[in-house]
Amino acid sequence: MLRFRDRVLPKILSELVALGFVFFIIPAIYIFELAVVLPAVYDGKKEFDKFWFYFHSVCGTYVMFNVVGNLIGVILVDTSVKHLIVDTKMASSSAGWHYCSFCETLSPPRSWHCSQCNTCILKREHHCGFTGCCIGYNNFRFFYLFLAYLFLATIYATYFNHYYIWSQVIEFEWSHILRIVMPLTILFFGIDTSFTQLYFFYYSITMIGCCFSGVLLYQQSNLAFFNQTSWERDKGTNDHDCGVMHNIRDALGRRWHLIWLCPFLQSPLPHKGIKWMTRDQVPLEGTKNK
Ligand SMILES: [Zn+2]
Ligand SMILES: [Zn+2]
C-alpha cells in the first residue's frame, strides 16, 4: 500500500518556482494544441478533417492524463524511510545497513540521506529539482512513466507545432530563428508580446522538453534494466542485477506490463525496499522474485 508524503510543496524557493512552472506549462501547451493548433491544422477544408480533429484531441487528452497523473504520483508518494519499523538487532548485523547521523537512525541498504528532503530515501536515485522531491524505490514507477509520456507528448506536440507555426509564416526571416532560440527574452523585454511570439515560446519549450525527457528516459531505462542507481553506476557497483525481468519488477512493480495504461493502476512492489537480493541469489534469468 502506497503511503503519501506529509509535506508536498518544496521548501526551497527555486524548486517551488520550478514546480509552479511545470504545472503552468503542461496545461498551457495542452490548451494551445487543442484550441489553436488542431483547429488550424484540421480546418474542415479537407475530407475527414473533423474525424482527425477528434481523434487527435482524444489521443492528446489521454497522453496528457498520463503525464499529469504520473507527475502527481511522483510528488505524492512517500519513498522515505520515515515510516519503516526497524528491527535494530537484525539491521545492525545485516550487510548494507548504515547509521545516518542526520536521521539518527539505522538506514537500509541502498538508501541515502537527502539534505533537501531531510530524510533518508529508499533506493535513492536523485533529488528532482522540478518536483522538489526525491526519486526513490516507491515513486520510481511514476517517475519513469512520467518521463515516457512526457517524451511521447512532446514528440506529438512538436510534430503539430512545426506544421502549424511554419504554415503561419508567409516569408522566412532570420529573426524567426531568434524567436525560437530566445522566446522568453523577446516576450519579457517587450520586443514582441503578440500571441505569435507566445506560440514560438510553446514551440521552443516542447522541443526542449522532448530532448530533455528523451535523454532522461534513456538514462533511467538503462539504470532500471540493470537494477542500478546513478550513484552505484558512478561507483561502478552492480551487485543487484538479477536479470532483466527481475530488475523490471523491482523497479516498476509486479504489474509493470499494465502501468502504462493508467497512473492509478496498482502495481505492488515485490518487497519493502530494505532487503535486496544479489545476483548470486538469483542464478537463473527469469526466476520469480518473491
Ligand atoms: Zn538520513
Ligand atoms: Zn530529496
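What share of the contacts in the protein with a separation of 6 or more is made by residues 24 or more positions apart? In this predicted model, such residues account for 58% of those contacts. The protein has 290 residues, of which 31% are buried. Its secondary structure consists of nine helices and six strands, and the C-alpha trace spans about 75 × 40 × 35 Å along its principal axes.

One helix pair serves as a starting point. Helix H4 covers residues 140-168 and helix H7 covers residues 195-225. Their axes come within 7 Å and cross at roughly 150°. Because angles over 145 degrees count as roughly antiparallel, H4 is roughly antiparallel to H7. The crossing of H4 past H7 is left-handed. Sorted by class, the residues in this contact are 17 nonpolar and 10 polar, with no charged residues.

H4 also leads to the largest nonpolar core, a set of 45 residues. H4 supplies 15 residues, the largest share of this core. Other elements that each supply at least two residues include helix H1 (13-41), helix H2 (49-76) and helix H9 (244-252). H7 does so as well, as do the strands E4 (119-121) and E6 (133-135).

Within the core, the residues with the most contacts are Phe 143, Tyr 144 and Phe 146. For Phe 146, the contacts beyond its neighbours within four places in sequence are with Val 67, Asn 70, Leu 71 and Val 74.

How values were computed. Residues numbered from 1 in each chain as written. Chains lettered and ligands numbered in written order. Predicted model: local features only at pLDDT ≥ 70, side-chain atom pairs only at ≥ 80, totals over all residues. Helix = DSSP H or I, 4+ residues; strand = E, 2+ residues; numbered from the N terminus. Buried ≥ 20, exposed ≤ 12 C-beta atoms within 10 Å, placed from the backbone. Contact = placed C-beta atoms within 7 Å. Axes fitted to C-alpha atoms, helices over the stretch in contact; angles between N-to-C directions. Parallel < 35°, antiparallel > 145°, perpendicular 65-115°, else oblique. Left-handed = near helix turned anticlockwise from the far one by under 90°. Nonpolar A, V, L, I, M, F, W, Y, C, P; charged D, E, K, R; others polar. Core = buried A, V, L, I, M, F, W, Y, C linked by C-beta atoms within 7 Å.
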